[in-house]
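Biologist: Please take a close look at the salt bridges of this structure and explain how exposed or buried their partners are.

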Amino acid sequence: QVQLVESGGGSVQAGGSLKLSCAASGLQLSNNCMGWFRQAPGKEREGITGIYTADGSTYYADSVKGRFTISQDNAKNTVYLQMNSLKPEDTAMYYCAARSGSRCIGTAWSRAWFYGYWGQGTQVTVSS
């Protein structure tokens, strides 16, 4: 049974930083596309970054490029999201997602339908 558990969310002032973690169980981080999504109230779920765990290739949405960094620690079976220079518009529930045994293909990595496994989410609130 695959489980993804996010942690690290919280409240921070604009310009601050947070680091989210996504701990995976029942899934080895050796050959998967792992993604981070976010969803603000009244908005669609947005794919913001992905990583292909076999070779570390990373993908970013324009909205977070240069500010957010996705990384992995296969020994801990964990994917991270380092978020710097946070803005109020980054306020959302953040979700980790996994597609087992697959590369992060084209732009599909940013689409919710591409992933088969999801975490429960962790809230990030950025105040101005």
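Modeller: In this predicted model, Asp62 is exposed, having a relative accessible area of 67%. Because exposed means over 50%, Asp62 falls in that class with its 67%. The side chain of Asp62 forms a salt bridge with that of Lys65, at 3.3 Å from N to O.

A contrasting setting is found at Arg67 and Asp90. Their side chains meet in a salt bridge of 2.7 Å, N to O. This pair connects distant parts of the chain, 23 residues apart: Arg67 belongs to the loop between S6 and strand S7 (68-73), and Asp90 to the loop between strand S8 (78-83) and S9. Buried means under 20% relative accessible area. Arg67 therefore counts as buried at 11%, and Asp90 likewise counts as buried at 0%. Arg67 and Asp90 also belong to a network of salt bridges that links them with Arg38 and Glu46.

A further salt bridge joins the side chains of Arg103 and Asp55, at 3.7 Å from N to O. Here too the pair links distant parts of the chain, with the two positions 48 residues apart: Arg103 lies in the loop between strand S9 (92-100) and strand S10 (117-118), while Asp55 lies in the loop between strand S5 (46-52) and strand S6 (57-60). Arg103 is partly exposed, with a relative accessible area of 45%, and Asp55 is also partly exposed, at 45%.

As for the general principle, side chains of opposite charge can pair when their charged atoms come close. Over the whole structure, the search finds 5 salt bridges.

Methods: Residues numbered from 1 in each chain as written. Predicted model: local features only at pLDDT ≥ 70, side-chain atom pairs only at ≥ 80, totals over all residues. Heavy atoms only, no water. Salt bridge = Lys/Arg side-chain N within 4 Å of Asp/Glu carboxyl O. Helix = DSSP H or I, 4+ residues; strand = E, 2+ residues; numbered from the N terminus. Buried < 20%, exposed > 50% of the residue type's maximum accessible area, 1.4 Å probe, protein only.
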